[in-house]
Each structure stands twice: as C-alpha cells, then as structure tokens.
Amino acid sequence: METTARQVTGETDIAAVSGPCARWPAENREIIRQILDRAGDKWSTLVIAALDDGPLRYTDLLRRIPGISQRMLTLTLRHLHRDGLISRTAYAEVPPRVEYVLTPLGLTLHDIVVSLIDWAGIHHDEIRENRARFDAATRRSPAERDARGRRGRTS
C-alpha cells in the first residue's frame with residue numbers, strides 16, 4: 001500500500017471507527033482540533049476563567065493572570081475574539097478604554113474551563129509526585145550512561 005503525505009501527517013479521509021473523533025464527520029476534524037487547541041491552551045483557559053465576573057480591562061486581566069506577558073495576553077485576546085468567545089468594546093474616551101467580556105458562546109465554555117482548572121488545582125500534588133517518581137526511575141548516573149554507551153560501540 002502506498003503512503004501519502006496526508007497519511008504521514010495524520011490527515012486521512014477515513015473516518016475514525018472508534019474513540020473521541022468517531023462522532024465527528026471527517027471534514028470537520030481539522031476545525032475541531034483547532035478549537036480544542038484554542039480551548040485547551042493554558043492562557044486561553046485562564047483568560048476565559050478570569051472573565052467570569054463580567055467585563056474587564058486589559059490591565060485588569062494582566063493582574064488576574066500571573067505570569068502572562070503583555071504580548072501573550074494580546075495574542076490570546078485576539079484569538080479568542082476571532083473565535084467569537086469574547087467581545088472587545090473600545091470606548092472613545094481619554095484615555096482610551098477597552099473592555100473584554102465573554103460572549104454567549106464563551107459562556108458555554110466557561111464552566112468547562114473552570115472545571116479543568118479546579119481539577120488541576122486538586123490533583124497538582126499527585127501529579128508532581130508522579131513526575132518525581134518517573135524522573136527518578138528514568139534518571140541514570142553519568143557512569144551508567146557512559147557504560148551503556150560503550151556497550152554498543154566496537155573498537
């Protein structure tokens with residue numbers, strides 16, 4: 001059987017037989033993956049959660065989301081606005097004022113995002129412990145790495 005470039009990149013015209021993608025027509029899979037990428041992005045989830053109390057200004061969002069840079073907040077707001085999850089209202093005032101608010105579509109995602117954030121908050125210690133155990137089990141000393149590397153070499 002001949003392998004095409006679309007198959008190598010994971011894009012096929014064959015519908016999934018089972019699993020999470022089986023419910024969606026093949027022609028919608030790409031946009032659904034893009035939506036999941038946006039909705040599951042850490043900054044998007046935090047912006048959506050931060051807008052739960054109504055409209056916020058840019059600087060208020062910066063204060064509510066520790067660690068986000070101005071550039072990343074600007075990009076995230078632009079993407080969420082493009083997808084119709086938030087609306088942006090600019091007021092003709094001096095100084096200019098811009099507010100962001102969840103749209104009705106964004107509100108449908110809000111509870112899901114907050115549940116995901118809560119889940120992370122509840123399980124972070126367990127995940128941290130699992131990572132430490134995994135890292136300790138897979139970490140080798142420099143001597144072990146050297147010995148393993150020499151076994152495969154011929155002189």
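The legends below describe several close-up views of a predicted model.

**View 1. The whole chain, with its helices and strands in sequence order.** The protein holds seven helices and three strands, and when these elements are read along the sequence they follow the pattern α-α-α-β-α-α-β-β-α-α. Of the 155 residues of the protein, 21% count as buried. Among the contacts in the protein with a separation of 6 or more, 41% are accounted for by residues that lie 24 or more positions apart.

**View 2. The three-stranded sheet.** The three strands form an open sheet in the order 1-3-2, and their pairing is antiparallel. Strand 1 (56-57) and strand 2 (86-91) stand at the edges with a single partner strand each, so one side of each of these two strands is left without a neighbour in the sheet. In general terms, strands of a sheet pair through backbone hydrogen bonds, and they do so in either a parallel or an antiparallel manner. Strand 3 is mostly covered, since five of its six residues are buried.

**View 3. The pairings made by strand 3.** Two bridges join strand 1 to strand 3 (residues 97-102), while six bridges join strand 2 to strand 3, and the strands run antiparallel in this second pairing as well. Which residues stand opposite Y100 in strand 3? On strand 1 the residue is L56, and on strand 2 it is R88. Strand 2 and strand 3 also form a hairpin, with five residues between them.

**View 4. An arginine over a tyrosine ring.** In this view R97 lies over the face of Y91, at 3.8 Å from the ring centre. As for pairs between aromatic rings, a search of the whole structure finds zero of them.

**View 5. The surroundings of W43.** W43 has its place in helix 3 (residues 42-50). Is W43 buried or exposed? W43 has a relative accessible area of 13%, and because residues under 20% are counted as buried, W43 is described as buried. Leaving aside its neighbours within four places in sequence, W43 is in contact with I65, P66, G67, I68, M72 and T76. The last of these, T76, is 33 residues from W43 along the chain, yet the C-alpha atoms of the two residues are separated by 6.8 Å.

**View 6. Helix 5 and its two faces.** Helix 5 (residues 70-82) has 13 residues and reaches 18 Å from its first C-alpha to its last, which is close to the 18 Å expected at 1.5 Å a residue. Within helix 5, the residues L73, T76, L77 and L80 are buried. Why do they lie on the same side of helix 5? They cover an arc of only 100 degrees around the axis, and this puts them on the same side of the helix. As a general matter, an α-helix has 3.6 residues a turn, so residues three or four places apart point the same way. The face of helix 5 turned away from its buried side carries the exposed residues R71, R78 and R82.

**View 7. The packing of helix 5 and the residue that comes after the helix.** The buried residues of helix 5 pack against helix 2 (29-40), helix 3 and helix 4 (58-64), and they also pack against strand 2 and strand 3. Helix 5 is followed by G84, a residue whose phi is positive, near 80 degrees.

Conventions: Residues are numbered from 1 along each chain as its sequence is written. This is a predicted model: local features need pLDDT of at least 70, side-chain atom pairs count only at pLDDT 80 or more; totals for chains, interfaces and linings use all residues. Side-chain values use heavy atoms; hydrogens and water are left out. Two strands pair if DSSP finds at least two bridges between them. Helices (H or I, at least four residues) and strands (E, at least two) are DSSP runs, numbered from the N terminus. Rings of Phe, Tyr and Trp (its six-membered ring) pair if their centres lie within 6.5 Å; planes under 30 degrees apart count as stacked, over 60 as edge-to-face and the rest as tilted. A charge sits over a ring if NZ of Lys or CZ of Arg is within 6 Å of the ring centre and within 35 degrees of the ring normal. Buried means under 20% relative accessible area, exposed over 50%, partly exposed in between (1.4 Å probe, protein chains only). Contact means heavy atoms within 4.5 Å. The expected span of a helix is 1.5 Å times one less than its number of residues. The arc is that of the directions from the helix axis to the C-beta atoms.
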